[in-house]
Every structure is written in structure tokens, then in C-alpha cells.
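Here's a quick, friendly tour for anyone opening this structure for the first time. Take a look at the sequence and the model, then read on.

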Amino acid sequence: MSHKGQSSGSQGSMSQGGMSSGGMSQGSMSSGQPGSMPMGAQSPYSPKKWNKGEKLPTEFRDRQYVIDKYKDYNLPAPKKGYHWVGVGADYYQVSSNGTIYSVGPGG
């Protein structure tokens, strides 16, 4: 009987462990949601598209988004004082203050 009790105890422990890991998964999902907040900062570019004359948000004006080799993306040379920025699959020719001059292929 004590063997069965240990077995039950082990199963109970495993069940609790399973529940605990389920709780941890939920915790991970919860922490994944706030953890995805930085990605959430990126997610507006997926559904959001900006148009000529609008200002690109400052978070997308960082150097990591600048496209120096615009020919590799089949983009025309940027106008003087402008540069290409890639946000997701979209390309924007913007001024240094973020005003969009044109939207490139894919945009």
C-alpha cells in the first residue's frame, strides 16, 4: 500500500508538476505578452502604412532602418537631403525629420 501511495504521490507530484509547468506556460505567455511589447513596438509597421507627407514615427528613424544600398532593393536614388528607410516590407524615402517624400515598391 505504501508503494501505491508513493506511486500516487509521484503521480500527484507529476500532475502538480504538469500543472505547474502549465502555470509556467501561462506565466510565460503572460510574460511573453509584455516581453512582446518591444516586438509590439515593431508590430505597428505590419498593419500600419504611412503615406507621402506623413511623418514616420521616431522609432523607425533609427540607423538600423536606413537603406544605404537602395539599388539592391530596386529603389531609385533618394533626392538630396532624403534617404530610404525600410520598415517591414515597406520602403519610405524620408527627410532627416521623418517626413515621407515617397513610398517605394512594396509600400
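## A strand with two buried faces

Start with S3, where the side chains alternate: Asp90, Tyr92 and Val94 point one way, while Tyr91, Gln93 and Ser95 point the other way. Whichever way they point, all of these residues are buried. Keep in mind that this is a predicted model.

What does that say about the strand as a whole? With 6 of the 6 residues of S3 buried, the strand is largely enclosed by the rest of the structure.

## Who sits beside S3

On one side there's strand S2 (residues 82-87), which runs antiparallel to S3 and is joined to it by 6 bridges. One of the pairings to look for is Tyr82 with its bridge partner in S3, Ser95. S2 and S3 make a hairpin with 2 residues between the strands, and Gly88 there takes a positive phi near 65°.

S3 also pairs with strand S4 (residues 100-103), again in the antiparallel sense, this time over 3 bridges. Gln93 stands opposite Ser102 in S4, and Val94 stands opposite Ile100 in S4. This is a hairpin too, with 4 residues between the strands, and Gly98 in the turn has a positive phi of about 95°.

## The whole sheet

Step back a little, and which order do the strands take? They line up as S1-S2-S3-S4 in an open sheet of 4 strands with antiparallel pairing. S1 and S4 are at the edges with a single partner strand each, so one side of each has no neighbour in the sheet.

## Two salt bridges

How many salt bridges does the model have? The count comes to 2.

One of them brings us back to S3: the side chains of Lys49 and Asp90 meet in a salt bridge, at 3.1 Å from N to O. Lys49 is in the loop between helix H2 (37-42) and strand S1 (66-67), and Asp90 is in strand S3 (residues 90-95), so this pair ties together parts that are 41 residues apart in sequence. The two ends sit in quite unlike settings: Lys49 is partly exposed, at 42% relative accessibility, whereas Asp90 is buried, at 2%.

There's also a salt bridge between the side chains of Arg63 and Asp68, at 2.3 Å from N to O. Is Arg63 buried or exposed? Its relative accessible area is 52%, and the cut-off for exposed is over 50%, so Arg63 counts as exposed.

Definitions and conventions:
Residues are numbered from 1 along each chain as its sequence is written. This is a predicted model: local features need pLDDT of at least 70, side-chain atom pairs count only at pLDDT 80 or more; totals for chains, interfaces and linings use all residues. Side-chain values use heavy atoms; hydrogens and water are left out. A salt bridge is a side-chain nitrogen of Lys or Arg within 4 Å of a carboxyl oxygen of Asp or Glu. Buried means under 20% relative accessible area, exposed over 50%, partly exposed in between (1.4 Å probe, protein chains only). Two strands pair if DSSP finds at least two bridges between them.
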